Amino acid sequence: MAAHPDTLSASAPLHTTRSTCPYCGVGCGVLIRHDGRRVLDVTGDPEHPANFGRLCSKGATLHLSAGGAGRLLQPELRTHRELARSPVGWDQALDHAAGRFADAIREHGPNAVAFYVSGQLLTEDYYAFNKLAKGLIGTNNIDTNSRLCMSSAVAAYKQTLGADAPPCAYEDFDHTDCLLIAGSNPAYAHPVAYRRIEAARERRPDLRIIVVDPRRTDTAAAADLHLPLLPGTDIWLFNAMLHVLLWDGLVDQAFIRDHTSGFDALKAHVREVSPQLAARVCGLEAEDIVRAAHWWGEAQAPMSLWCQGLNQSHHGTHNGTALIALSLATGRIGRPGCGPFSLTGQPNAMGGREVGGMANLLSGHRDLANPAHRAEVAALWGVEQIPEQPGLTAVELFEAARQGRIKALWIACTNPAQSMPDQGLIRAALQTCPFVVVQDAFRGIETAAFADLLLPATTWGEKDGSVTNSERRISRVLPAVAAPGEARDDWRIAVEFGHRLGAALDRGDEAKRLLGWEHSSAVFAEHAASTRGRDLDITGLDHVRLESQGPQQWPCPAGANAGTARLYADFRFATADGRARFIVPTRDTQAEAPSARYPFSLNSGRLRDQWHGMSRTGRVARLHQHVDEARIDLHPQDLARRGLKPGELLSVRSRRGTIVLRANADEQLRMGQAFVAMHWGRQRLSHAGVNELTLSNFDPWSRQPELKHAAVAISAAGLPAETLLLRAPADGEDAQALAVDLQQQLAAELDAFDYASVFLAGRERPVVVLRIATRTPLGTQQLARLDACFGLDTAQCLEFADEARGIRKRARIEHDQLLAVRLCGETAARTWLQELMCQAEPVQQLRRWLLAPLITPPAGTPAIGRVVCSCLGIAENAIRAALAQHGNLAAVQDQLGCGTRCGSCLPELRRMAGAVAQKR
């Protein structure tokens, strides 16, 4: 096994650097312990107001993802599509990119090039790319993967409150007495924020929680009222709640009269949306709708939370405006514990919105469609004008590339070949575009396969700048270790490319003036200056203050002693007349309703221990323990009625594509519904994952696609020939390098099989697992290739073959440890062999049984089962046994320790304890 990082660095002085977590939008502060070269450990920052020292299972394992394995270390270029990329120097790489972009601009105009960037960039990176595109090149074709997660919330805030400004703060969780969570599972997606909600509820048991979600998630299971509505019917529910508020006199007429507009039109719209009618549309009980409305209307401090379940819809903007209307109708906004609070999906989607790094925005929350705003930014930047023509948003951008209208495309810190809907369209777009640049820290992302030029960028632990979290809090991001290889900061790559592009367009002096920063602090200073007098005024902030005084919430103008916790306390909103606006919403539901041919409603979402496309979390074995393999969740009765079984491989088809997934029975789903997590793509599956099925229909206001829902058909995949391969690190072998490198090596092989899935198992000793299923047995050459990958191509292997039955097995043992296994044609021993390798147990006594068709180990050791507590590796079998013995969760925690570290598993532990209590 590889030596522990602490051992490697025992003689080096240790340091601690403050930074932030690079995952969700909670924006947790972290303390990075390092020796200047390696990240050794990560803990929560007890002084950071977003988390006060807490971290979730993902954040707590950041140090395990920080090694150099799988990193992109130098630029790689191919000059023709039929060639492989070769390593080149930065000068050649950037000169080539500048030449290709300049040729496209000269021949086809500035709108023939485009940039697609990311909510994981720092604010300084975002600002540099935005100014490069709109200021130097003169195109608004710059959009971001935030279009996929937050643009509907942006549009909803702007339509109702006048600005993209979440009015609440995390401290409002401590003051609310009615929390409505819609289209969000914060127990999984924002665990640290959810810990704060749980703590508030423990202090104030009278806090009522309502959860609106088609699935009974861990968040929903802990709610006082769960409304499991049919997908896409949220507006009908919110309108029916408003109907009840009106009918029962629970609206604030004085607030509506004095501080809002448009209420009469909305009132007329919801007059006929009775609880009874909405119940039929939503698949709910009318009494539950009335109860939810009364709890909201009678609360002194009602608050709403929402995320992708509302945003990722072809009417996501109106989902948001209908929810916000409940706060406005009751006048519950601008006070502690009140208001509509959009939870951000990415660590710096807020920062990207602040700098205007989207196709319809400009710096400082300005609108591209506003001539005055364009003139202001042109004056700030010292350019003649900002182009008037709207830029292409995400779906539109890739459709334009597919049509041949985009001649050069720059993709930074995002992975559209995994994350965009309708993956067939995305592949066609990337294949059609004549020149594609991919700028990323990790070489194994799906989009890298389409790159003509790969550029290595810095990542977490190496970057220098700032980010903004969901509650408008700006944090300083400091580097702990040097970047590996030739990786460079994203903003600096944009600047150096811009200088060369300017020279290629005979505008070299202009490019150096526009993009003349020497340090990220100068980029932030220019960004801050652009916000002067705006709703997000941060002219009182700079890097020095953020370091010395800690994170600050905007607005924080020059002269302010501190930032602003909550907005609209004076009931004056960011609209032209100062009034909040009620919006009459659409009555649409799903863009693609279930039908006889596609009878299931598919929902997509997040898992607890993974994030986005797994380029970082997928490197950490313990984060695979809770859910290891891609799967489709279905109600047990849906499986039974179709003669299907849990664990069976299923063909899942939509109008756009077909994928194969393993069935998982989940009673928390309604019948007729299915759930697939968003994280897996072609790096770990033989297909593109759930986004092979999703549709690109988008909201007319936000241009956000309906990633959440699709109609699908499900049937048995019919793949009887199964193969399993396992590989563990040998003594002295770099465990992370083996796990990452082997996963990337296998990614190139996966699409050769009808079904293949690669993932990690174990904790300190990661084991690479490859599961294959095919219609016919694998051939000799295929097995030989796989054996070579797994180190089984040696004569020192145990071997068994039964050619008549198509069974061929191999095992490699070194120093009394099982190092690699191949089971082909029969895989009954999969579970216990995998656990044996993860635990690095001696195999001498089991040697003669290693290739036997045994479901349980010969020693009779019980299976560990699925891990629930990732921090301590506590599995569900041990937890269930302890619950049966003690009967209460507190005693189980005292015995096992589960749920006492990060707390991400607490909702599931409580649900398990509740199920045991019900049976007693």
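The exercises below work through backbone, helix, sheet and cavity features of a predicted model.

Residues are numbered from 1 along each chain as its sequence is written, and side-chain values use heavy atoms, without hydrogens or water. Local features need pLDDT of at least 70 and side-chain atom pairs count only at pLDDT 80 or more, while totals for chains, interfaces and linings use all residues.

**Exercise 1. Backbone outliers**

Task: Which bond joins Trp-554 and Pro-555, and where is Pro-555 found?

Solution:
- Step 1. Read omega: about 0 degrees, a cis peptide bond.
- Step 2. Place the proline. Pro-555 sits in the loop between β21 (552–553) and β22 (580–581). Helices (H or I, at least four residues) and strands (E, at least two) are DSSP runs, numbered from the N terminus.

Task: Is Arg-472 buried or exposed? Is Asp-506 buried or exposed?

Solution:
- Step 1. Check phi. Arg-472 has a positive phi near 70 degrees, and is not a glycine. Asp-506 also has a positive phi, near 60 degrees.
- Step 2. Locate Arg-472: the loop between β19 (465–468) and β20 (473–477).
- Step 3. Locate Asp-506: the loop between α20 (490–504) and α21 (508–514).
- Step 4. Apply the cut-offs: buried is under 20% relative accessible area, exposed over 50%, partly exposed in between (1.4 Å probe, protein chains only).
- Step 5. Arg-472 has a relative accessible area of 0%, so Arg-472 is buried. Asp-506 has 72%, so Asp-506 is exposed.

**Exercise 2. One face of a helix**

Task: Which residues of helix α22 are buried, and why do they line one face?

Solution:
- Step 1. List them. In α22 (residues 520–530) they are Ser-520, Val-523, Phe-524, His-527, Ala-528 and Ser-530.
- Step 2. Look down the axis of α22. The buried residues fall within an arc of 155 degrees, so they line one face. The arc is that of the directions from the helix axis to the C-beta atoms.
- Step 3. Recall the geometry. An α-helix has 3.6 residues a turn, so residues three or four places apart point the same way.

**Exercise 3. Strand pairing**

Task: How many bridges join β2 and β3, and in which sense do these strands run?

Solution:
- Step 1. Set the criterion: two strands pair if DSSP finds at least two bridges between them.
- Step 2. Five bridges join β2 (residues 29–34) to β3 (residues 39–44), and the strands run antiparallel.
- Step 3. Find a facing pair: His-34 stands opposite Val-39 in β3.
- Step 4. Inspect the turn. The hairpin has four residues between its strands, and Gly-36 there has a positive phi of about 90 degrees.

Task: What is the strand order of the closed barrel?

Solution:
- Step 1. Trace the six strands: β23-β27-β24-β26-β25-β28, with mixed pairing.
- Step 2. Neighbouring strands are turned by 45 degrees against each other on average, direction ignored. Axes are lines fitted to C-alpha atoms, for helices over the stretch in contact, and angles run from 0 to 180 degrees between N-to-C directions.
- Step 3. Examine one pair. β23 (residues 600–605) and β28 (residues 709–716) pair antiparallel over four bridges. Ser-601 stands opposite Ala-711 in β28.

**Exercise 4. A long-range pair**

Task: What distance separates the C-alpha atoms of Leu-760 and Thr-617?

Solution:
- Step 1. Leu-760 lies in β30 (residues 755–761). Leu-760 counts as buried, at 0% relative accessibility.
- Step 2. The two residues are 143 residues apart along the chain, and their C-alpha atoms are separated by 11 Å.
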